[in-house]
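Thank you all for coming. I would like to take a few minutes to walk you through one structure, and please stop me if anything is unclear.

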Amino acid sequence: MKTRIDSLDDVIASFAGQGYICDQRTALAVYLAAQLHKPVLVEGPPGVGKTELAKAASAFLEAPLIRLQCYEGLDESRALYEWKYGKQLLYTQLLRDKLSGMLADTDSLEQSMERLGDAFYSDTFLEPRPLLRALRADEPVVLLIDEIDKADQEFEAFLLELLSDFQISIPEMGTVKARHQPLVFLTSNDQRELSDALKRRCLHLYIPYPDAALERRILAERVPELGEQLRDQLVAFIQHLREQDMKKLPAISETLDWARALVLLHADTLEPELVEQTLALVLKNEQDVALARDLLPHWFRKPRSA
């Protein structure tokens, strides 16, 4: 992992080179996380670039990215490790004749069980999941724990040891400490309130919807084929939609999808019919689409400079 970071401008320039446009506040969070070895909790609405931030940090720091996607019901066997029970059973059948020799010098059932445990609960039968892979990696990695707010509170509590001490306890093998401290990003879409214990262990970064100037910069970087006039119109319309009372406001990911679609359609300017036909790229709820259609006549009557 890259350990020397010259300045915040170094972070911003490197991210921009990857197509990720960030501000000083975001760059500062990445800089401090890398220097202080602290996890970063990145919150904000869906689609504003939280996951992309971890990917950009991985590229900037020249470190592999390991991702854990959270969901309801996620437990440690899916996140940390799992035993290959089928392989254990197969080996038991193949070595049946040798088991008596392995246990010949044991004096009690407890000793026999311990001997078997040493044999069958070893790395040979261990299936590491993302958290364990991050701790045992031979080089520093970036660990992305994506959408932690979708996981249960019990799983959130399970993470506390990892986030504070960079270690995990495995009942059959003891405590596994990180060979190299990973840089950890946790993302949250604010679906539920996270615990104070988790927040205390992390640096905090909130990424909001971009303002018009930033959104234009992102479009210019990510969709350079889009003409300047159409880019300005598109951003103005997206910003107008975000002022409405909608179930799901369009994020920068929808802006980019729409921009790429308009390029494919060889559009030079926004026209009412074109917007109406492509609204489904921007809005993911039919009620929001209907509201946007009602707004079109008023918006297109406004002066273009507005």
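I will go through the sheet, then the helices, then a hairpin, and finish with a pocket.

Please keep in mind throughout that what you are looking at is a predicted model.

Let me begin with the sheet, which is open and is formed by five strands in the order β2-β5-β8-β1-β9, with parallel pairing. The edges are held by β2, residues 65–69, and by β9, residues 203–206, each of which pairs on one side only. On average, and ignoring direction, neighbouring strands in this sheet are turned by 20 degrees against each other.

If you look at one edge in detail, you will find β1, residues 40–43, pairing with β9 in the parallel sense over four bridges. Within that pairing, glutamate 43 stands opposite tyrosine 206 in β9. Across this part of the sheet lies helix α2, residues 24–36, which is in contact with β1, β8 and β9, and which runs at about 160 degrees to β9.

That brings me to the helices. How do α1 and α2 cross? The axes of α1, which covers residues 8–17, and α2 come within 9 Å and cross at roughly 105 degrees; angles of 65 to 115 degrees count as roughly perpendicular, and α1 and α2 are therefore described in that way. The residues that meet here are Leu8, Asp9, Val11, Ile12 and Phe15 from α1, and Gln24, Ala27, Leu28, Val30 and Tyr31 from α2. Sorted by class, this contact has eight nonpolar residues, one polar and one charged.

Helix α1 also packs against α3, at an angle of about 105 degrees and with the two axes 10 Å apart, so α1 is roughly perpendicular to α3 as well. On the α1 side, Asp10, Val11, Ser14 and Phe15 take part, and they meet Leu53, Ala56, Ala57 and Phe60 in α3. By class, the contact of α1 with α3 has six nonpolar residues, one polar and one charged. You may notice that Val11 and Phe15 are named in the contact with α2 and also in the contact with α3.

Next comes the hairpin, where β6, residues 167–170, and β7, residues 174–177, pair in the antiparallel sense over four bridges. Three residues make the connection from β6 to β7, and in the pairing itself glutamine 167 stands opposite lysine 177.

Finally, I would like to turn to the largest pocket, which has a volume of about 590 Å³. Which residues lie nearest its centre? Of the 33 residues in its lining, those are Gly47, Val48, Gly49, Lys50 and Ile252. Several elements, namely α2, α3, β2, α12 and α14, each supply at least two residues of this lining, and the largest share, five residues, comes from α14. As for its chemical character, the lining divides into 13 nonpolar, nine polar and 11 charged residues.

Thank you, and I am happy to go back to any part of this.

How values were computed: Residues are numbered from 1 along each chain as its sequence is written. This is a predicted model: local features need pLDDT of at least 70, side-chain atom pairs count only at pLDDT 80 or more; totals for chains, interfaces and linings use all residues. Side-chain values use heavy atoms; hydrogens and water are left out. Two strands pair if DSSP finds at least two bridges between them. Axes are lines fitted to C-alpha atoms, for helices over the stretch in contact, and angles run from 0 to 180 degrees between N-to-C directions. Contact means heavy atoms within 4.5 Å. On a 1 Å grid over the protein atoms alone, a cavity is a set of points where a 1.4 Å probe fits but cannot get out, and a pocket is an open set with protein on both sides within 12 Å along at least five of seven lines; lining residues have an atom within 4 Å of a point. Grid points are joined across faces, edges and corners, and a volume is the space filled by probe spheres set on the points. Ala, Val, Leu, Ile, Met, Phe, Trp, Tyr, Cys and Pro count as nonpolar, Asp, Glu, Lys and Arg as charged, and the others, Gly among them, as polar. Angles under 35 degrees count as roughly parallel, over 145 as roughly antiparallel, 65 to 115 as roughly perpendicular and the rest as oblique.
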